[in-house]
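Colleague: I've got some questions about this one before I start drawing figures. Mind walking me through it?

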Amino acid sequence: CTVILTRLATRDLHKPISILFCNLAVSDLFTSFSGFWISMLFITNPDITIFGSRDMLAPYALYTTSILSTIYNLVSIGVERYLAVAESMRTRFRVARSHSIAVVFINWLLAFSLGCLPLLGWHCLQAGRSTSVLYSPFCVNYLVFVTLPNVVVAFLVPLFTYLRIIIILRKRKLRMQACGQATGTYRSAETQVARTSISIWLLALVSYAPFFAGVIFDATNRRCHTDLYPGVYIFRNCTAILITITCLGNPLLYTLRLRELGAKLKALRCLSAKRVRACAI
């Protein structure tokens, strides 16, 4: 919420990348909200989160949709950064505000289309072999269908884009050195991109790899719920905590940056104080 309000109040949305940042904050907000919904269901009636119930379809569908939207937003940010860096080299394509709005719309459309499939009938409310142990009443084949391609996209596309950005910056730095010009700006940009990309990879690996491992366990497991209680469900809860930590880490990595957050909030307070004084006059 702080990211969204700060972006809107400081009028940063004229930049295409700011639209993607703000939408990433919306996705993280939905992830946190759906996770809180699932937690409340677990507190009030733990059995339905273990053995599955129709009441779990809607929160799990929203949870899946928000996670997919977050993944697509991260990929979109990486692609936009690559196009912005490569723009002055060999392409005339410039990312405009309309392009970012279209990407946001497509991301949510795709996320809702895949995340709401269980609400449209792809579930296992009736007992069957394909019922997920960790996320009943989802079907194992649905989880595999959603998880595998998106994990590939979430890891390979950012790998390509950020590596290409580092290569482009290094080439520019070498070209500037050959001309006898200063290269401090390119060296600083290359270091910053490298640090950011490593942080992105570590955060994604730590948070989403256990979820992916849980889906693989679901697909290969043949035991019933009671045989796996409570250890496997503790693992599931830890996975949800890691995903929530990702929602907290994304704003710091992509949008706020600790040094800039205080300045922006201070500017907002000063702006509010000026408006109050103007109204009083």
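Colleague: Is Ser34 buried or exposed?

Modeller: Keep in mind that this is a predicted model. Ser34 is found in helix H2. Its relative accessible area is 0%, and the cut-off is under 20%, so Ser34 counts as buried.

Colleague: Which residue has its backbone oxygen 3.0 Å from a polar atom of the Ser34 side chain?

Modeller: Further along the sequence, leaving aside neighbours within four places, Ser34 is in contact with Pro59, Leu62, Tyr63 and Ser66. The backbone oxygen in question belongs to a residue within that excluded stretch: Thr31.

Colleague: And Leu41, how far is its C-alpha atom from that of Pro59?

Modeller: Leu41 is found in helix H2, and at 16% relative accessibility it counts as buried. Beyond four places in sequence, its contacts are Pro46, Ile48, Thr49, Asp55, Met56 and Pro59. Leu41 and Pro59 sit 18 residues apart along the chain, and their C-alpha atoms are separated by 9.3 Å.

Colleague: Let's move to the largest nonpolar core. Which helix gives the most to it?

Modeller: That core has 30 residues, with Tyr135 and Phe138 touching the most other members. Helices H2, H3, H4, H5, H6, H7 and H9 each supply at least two residues. With 7 residues, the top contributor is H4.

Colleague: What does Tyr135 contact, leaving aside its neighbours within four places in sequence?

Modeller: Tyr135 is one of the two residues that touch the most other core members. Its contacts beyond that window are Tyr60, Leu143, Phe211, Asp218, Arg236 and Thr239.

Colleague: How many residues are in the other core?

Modeller: This one lies apart from the largest core. Ile19, Tyr82, Val104 and Leu169 are among its members, and the count is 16 residues.

Colleague: How far apart are the end C-alpha atoms of residues 142–167?

Modeller: The unreviewed UniProt entry annotates "transmembrane region" over several spans, including 100–122 and 142–167. In the model, residues 100–122 are 70% helix and 0% strand, with end C-alpha atoms 32 Å apart. Residues 142–167 are 100% helix, and their end C-alpha atoms lie 38 Å apart.

Colleague: Last one, on cysteines. How many disulfides does the count come to?

Modeller: Cys1 counts as exposed because its relative accessibility is 57%. Cys22 has a relative accessible area of 10%, so it is buried. As for disulfides, the count comes to 0.

Key:
Residues are numbered from 1 along each chain as its sequence is written. This is a predicted model: local features need pLDDT of at least 70, side-chain atom pairs count only at pLDDT 80 or more; totals for chains, interfaces and linings use all residues. Side-chain values use heavy atoms; hydrogens and water are left out. A nonpolar core is a set of buried Ala, Val, Leu, Ile, Met, Phe, Trp, Tyr and Cys residues joined through side-chain atoms within 4.5 Å. Buried means under 20% relative accessible area, exposed over 50%, partly exposed in between (1.4 Å probe, protein chains only). Helices (H or I, at least four residues) and strands (E, at least two) are DSSP runs, numbered from the N terminus. Contact means heavy atoms within 4.5 Å. UniProt positions are given in the numbering used here, feature names are shortened, and annotations may be inferred rather than shown by experiment. A disulfide is a pair of cysteine sulfur atoms within 2.5 Å. A polar contact is a pair of N or O atoms within 3.5 Å; within protein, one must be able to donate a hydrogen and the other to accept it, and residues adjacent in sequence count only if both atoms are side-chain atoms.
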